[in-house]
Amino acid sequence: TMAVIETVFAMMMIVNGSMDGFMKTEGLSHCLKIKRESERNLADNRTNVIRYECGLVEAELRPDSEGELKIYRIVEKK
């Protein structure tokens, strides 16, 4: 399967200052909605500093098992 490089909106999860995860979203408003939901679901007693950030990224996308393109790695934050 081929990887493609595209500019997409992503929600990034930053744990203790380093990027720990990311997901492709359908645009800014979709990203902000997921960000709000994720922030609501954070445990109050956590020890890690977790923050979510929405932004345009240049990403390497690869199809998952169902053929849907997912972010494999972030090449560059815009």
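Here are three short exercises on this predicted model.

**Exercise 1. Work out the strand order of the sheet and find which strands stand at its edges.**

Solution. Start with the order: the open sheet has four strands, running β2-β1-β3-β4, and the pairing is antiparallel. Now check the two ends. β2 (18-25) and β4 (69-77) each have a single partner strand, so one side of each has no neighbour in the sheet. For the twist, neighbouring strands are turned by 50° against each other on average, ignoring direction.

**Exercise 2. Describe how β1 pairs with β3 and with β2.**

Solution. Take β3 to begin with: β1 (residues 4-15) and β3 (residues 50-63) pair in the antiparallel sense over 12 bridges. To pin down the register, look at V8, whose bridge partner in β3 is V57. Then go to β2, which pairs with β1 over seven bridges, again antiparallel. Here F9 stands opposite T25 of β2. Finally, check the turn: the β1-β2 hairpin has two residues between the strands, and N16 takes a positive phi near 50°.

**Exercise 3. Locate the disulfide and say which elements it ties together.**

Solution. Searching the whole structure turns up one disulfide. It joins C31 to C54, with an S to S distance of 2.2 Å, inside the 2.5 Å cut-off. The angle about the S-S bond is -100°, and the link is left-handed. Next, place the ends: C31 sits in helix α1 and C54 in strand β3, so the pair ties together parts 23 residues apart in sequence. What about that helix? α1 (residues 28-40) lies across β1, β2 and β3, running at about 130° to β3. As a last step, get the burial of C31: its relative accessible area is 0%, so C31 counts as buried.

Notes: Residues are numbered from 1 along each chain as its sequence is written. This is a predicted model: local features need pLDDT of at least 70, side-chain atom pairs count only at pLDDT 80 or more; totals for chains, interfaces and linings use all residues. Side-chain values use heavy atoms; hydrogens and water are left out. Two strands pair if DSSP finds at least two bridges between them. Axes are lines fitted to C-alpha atoms, for helices over the stretch in contact, and angles run from 0 to 180 degrees between N-to-C directions. Contact means heavy atoms within 4.5 Å. Buried means under 20% relative accessible area, exposed over 50%, partly exposed in between (1.4 Å probe, protein chains only).
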